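Got the structure open in your viewer? Let's take a walk through it, one selection at a time.

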Amino acid sequence: MRTFLLLLSTLVCASSFTAVRYVTPVRSHQISKHTRTSLNSKAHRYSPRRISSKYSSYLTRLWTETSIGSRKSLTRKKLVKSCKILEKLLDTDVEFRDEELVLALRETLVTTLKSLEDQPQVASPPSSSSQTSAAVTASSTSLTSSTSPTSSTSSTSPTKQKKKGSRSVLRGVLMGVAVAVWVFSGNYIFTSLFTLMVLLGQLEYYRGVMSTGVYPARKISVLGSCAMFLTALYFPSLHQLCLPAFSTLSMVWFLTAKRNASSISEIATTFLGMFYIGYLPSFWVSVRMLGVREHTRLAPIAAPILSLLGRKATSLPGWLPAAFPLPITQGAIFTFWCWLAIAFSDVGAYFSGRKYGKTKLGEISKAAGETSPNKTVEGVIGGCLVSGGLGMLGAWVMKWPFWYLSGCVHGVILALLGLVGDLTASMLKRDAGLKDFGDLIPEHGGVLDRVDSFIFSAPYAWFVMKFVLPWLKSFVM
């Protein structure tokens with residue numbers, strides 16, 4: 001955990017670095033006392049303790065916003081908004097001038113709003129509950145105080161979303177370095193940090209689902225997703241049983257713990273959360289544990305670093321398991337090159353589409369075009385070319401059979417699967433009316449906004465590492 005916090009603090013600290021500040025070198029005696037104080041305060045701001053506090057507060061906020069109280073508050077807000085829209089419709093639409101119909105609709109609205117007021121309040125965030133109750137009271141008063149529609153009702157103007165700042169190149173580079181260190185950090189650290197990420201990603205997903213008026217089984221899904229990662233680490237042979245086991249458990253909960261029958265949407269979103277954010281990415285843990293590290297073409301360059309890691313590992317306390325900092329498996333090397341190809345396929349697609357993009361993706365697939373209108377066919381081709389090139393480089397480094405062909409095909413498939421993950425996340429956000437899943441990472445959004453391209457490629461990577469590569473090597477041997 002301390003290693004994770006140090007890496008994350010280094011990454012966040014990079015947000016204060018800009019090219020403008022380092023154009024002209026500044027000597028130590030030229031730094032004012034105010035500047036020194038500012039730098040010290042920023043260093044304190046990005047300390048491991050503050051990073052841990054930020055993670056805890058973000059997790060607490062997500063958990064609160066997906067609680068029962070928030071569900072009740074969200075339902076009331078939607079109902080109040082619908083009542084206001086209907087009241088405005090009665091004011092303006094000529095077709096609804098039938099007085100008997102207007103009175104009947106008003107009586108129904110008043111009864112519904114009063115029933116909401118009479119319901120017992122469930123613990124929820126103070127700000128949301130107070131605003132909701134005030135809105136309910138105001139709407140009820142406005143409806144009961146007059147027998148005819150009034151012209152004072154005004155529609156709520158949409159709030160302008162805060163424009164996302166430009167992404168820092170240095171931040172992206174340091175994030176890549178932190179991820180590389182994370183991949184080679186050992187089985188326990190790799191799985192632990194992945195589980196922490198999944199915990200946030202699950203809550204981000206269910207918060208988005210709740211904004212559509214669907215309320216899945218949150219606790220069982222989060223527990224099941226985290227269990228899939230831990231099972232892949234400690235009991236790899238039972239990993240495939242986690243999804244059906246927790247799916248059955250969630251159905252038992254739907255049938256026994258709820259007062260009313262659950263809807264198809266609630267059941268489907270519960271299963272999708274465990275499958276999409278739990279089961280699929282958990283295959284990266286299985287990939288990480290496969291194989292013993294083999295001699296690669298970059299072994300002479302990496303030898304000093306591996307030797308240093310080995311010495312550090314031997315100096316750790318004896319109660320720590322050997323797999324905590326080590327080993328660097330062949331699966332870890334394979335994961336590193338897979339993630340590198342997926343990440344740079346996104347970069348290649350962006351610059352290719354920006355410079356050469358003329359054919360919109362919607363001309364080939366209407367659904368994909370509506371999901372992401374800015375994506376182009378030329379961008380997809382550029383991303384595949386970059387990913388294919390990195391796939392060939394990784395295959396050459398890892399000494400794959402027929403590396404010039406197998407690596408290229410592998411990289412292109414990774415790019416296409418990354419595109420599927422990106423479009424899937426965009427489709428979910430578009431349906432939920434969200435710009436981003438969260439706001440944990442400055443300029444990048446939430447956890448799901450960063451890992452969406454890596455989700456569907458995990459089972460494929462496991463299949464290649466487990467079956468395809470041994471099959472290819474059987475031809476050479």
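Start by selecting S221 and showing whatever surrounds it: beyond its close neighbours in sequence (up to four places away), S221 touches Q202, Y206, T270 and M274. Keep in mind as you look around that this is a predicted model.

Is S221 buried or exposed? Its relative accessibility is 0%, so S221 counts as buried. Now show the side chains of S221 and Y206: a polar contact of 2.7 Å joins them.

**Along helix 9**

Widen the selection to residues 218–234, which make up helix 9. S221 is found in this helix. Helix 9 has 17 residues, and from its first C-alpha to its last it reaches 24 Å, close to the 24 Å expected at 1.5 Å a residue. Try a surface view here too: helix 9 is mostly covered, with 13 of its 17 residues buried.

**Across to helix 8**

Next, pick Q202, one of the residues that S221 touches. Q202 sits in helix 8, which covers residues 187–210. Its relative accessibility is 0%, so Q202 counts as buried. What does Q202 touch, once neighbours within four places in sequence are left aside? Light up S221, V222, S225, G273, M274, I277 and G278, and you have its contacts.

**A stop at the end of helix 7**

Jump to residues 169–183, which are helix 7, and click on V183. V183 has a relative accessible area of 1%, so it is buried. Leave out the neighbours within four places in sequence, and V183 is in contact with F190, R288, A332, T335, F336 and W339. Now add I328 and draw a C-alpha to C-alpha distance: V183 and I328 are 8.8 Å apart in space, though 145 residues apart in sequence.

**Hunting for salt bridges**

Time to look at charges. Side chains of opposite charge can pair when their charged atoms come close. How many salt bridges does a search of the whole structure find? There are six, and three of them are on this tour.

Select D439 and R61 for one of these pairs. Their side chains meet in a salt bridge, at 2.8 Å from N to O. D439 is in the loop between helix 17 and helix 18 (447–451), while R61 is in helix 3 (residues 48–65), so this pair ties together parts that are 378 residues apart in sequence. D439 has a relative accessible area of 46%, so it is partly exposed. R61 is partly exposed as well, with 32%.

Stay in the area and select E65 and R207. Here the side chains meet in a salt bridge of 2.6 Å, N to O. E65 belongs to helix 3 and R207 to helix 8, so the pair ties together parts 142 residues apart in sequence. Check the exposure of each partner: E65, at 28% relative accessibility, counts as partly exposed, whereas R207 is buried, with a relative accessible area of 19%. Why does R207 count as buried at 19%? Because buried means under 20% relative accessible area.

Now show R61, E65, R207 and D439 together: they are linked in a network of salt bridges.

For another pair, go to E266 and K258. They form a salt bridge in which the closest N and O atoms are 3.0 Å apart. E266 is buried, with a relative accessible area of 12%, while K258 is partly exposed, with 26%.

**Out to a nonpolar patch**

Last stop: the surface. Select L393, W396, F402, W403, Y404, L405, V409, I413, W471, F475 and V476, which make a nonpolar surface patch of about 1,100 Å². Which elements give two or more residues to the patch? Colour helix 16 (377–397), helix 17 (403–432) and helix 19 (457–476) to see them. Helix 17 gives the most, with five residues.

Zoom in on V476, found in helix 19. At 58% relative accessibility, V476 counts as exposed.

Then move to F402, another member of the patch, in the loop between helix 16 and helix 17. F402 is partly exposed, with a relative accessible area of 45%. Look at its backbone as well: F402 has a positive phi of about 55° although it is not a glycine.

Finish with K399, also placed in the loop between helix 16 and helix 17. K399 is not a glycine either, yet its phi is positive, at about 60°. Its relative accessibility is 40%, so K399 counts as partly exposed.

Technical notes: Residues numbered from 1 in each chain as written. Predicted model: local features only at pLDDT ≥ 70, side-chain atom pairs only at ≥ 80, totals over all residues. Heavy atoms only, no water. Helix = DSSP H or I, 4+ residues; strand = E, 2+ residues; numbered from the N terminus. Expected span 1.5 Å × (residues − 1). Buried < 20%, exposed > 50% of the residue type's maximum accessible area, 1.4 Å probe, protein only. Patch = residues over 30% accessible without salt bridge, like charges linked within 9 Å, V, L, I, M, F, W, Y side chains within 5 Å. Areas by Shrake-Rupley, 256 points an atom, 1.4 Å probe, with all protein chains shown as cover. Salt bridge = Lys/Arg side-chain N within 4 Å of Asp/Glu carboxyl O. Polar contact = N/O pair within 3.5 Å; in protein donor to acceptor, adjacent residues only side chain to side chain. Contact = heavy atoms within 4.5 Å.
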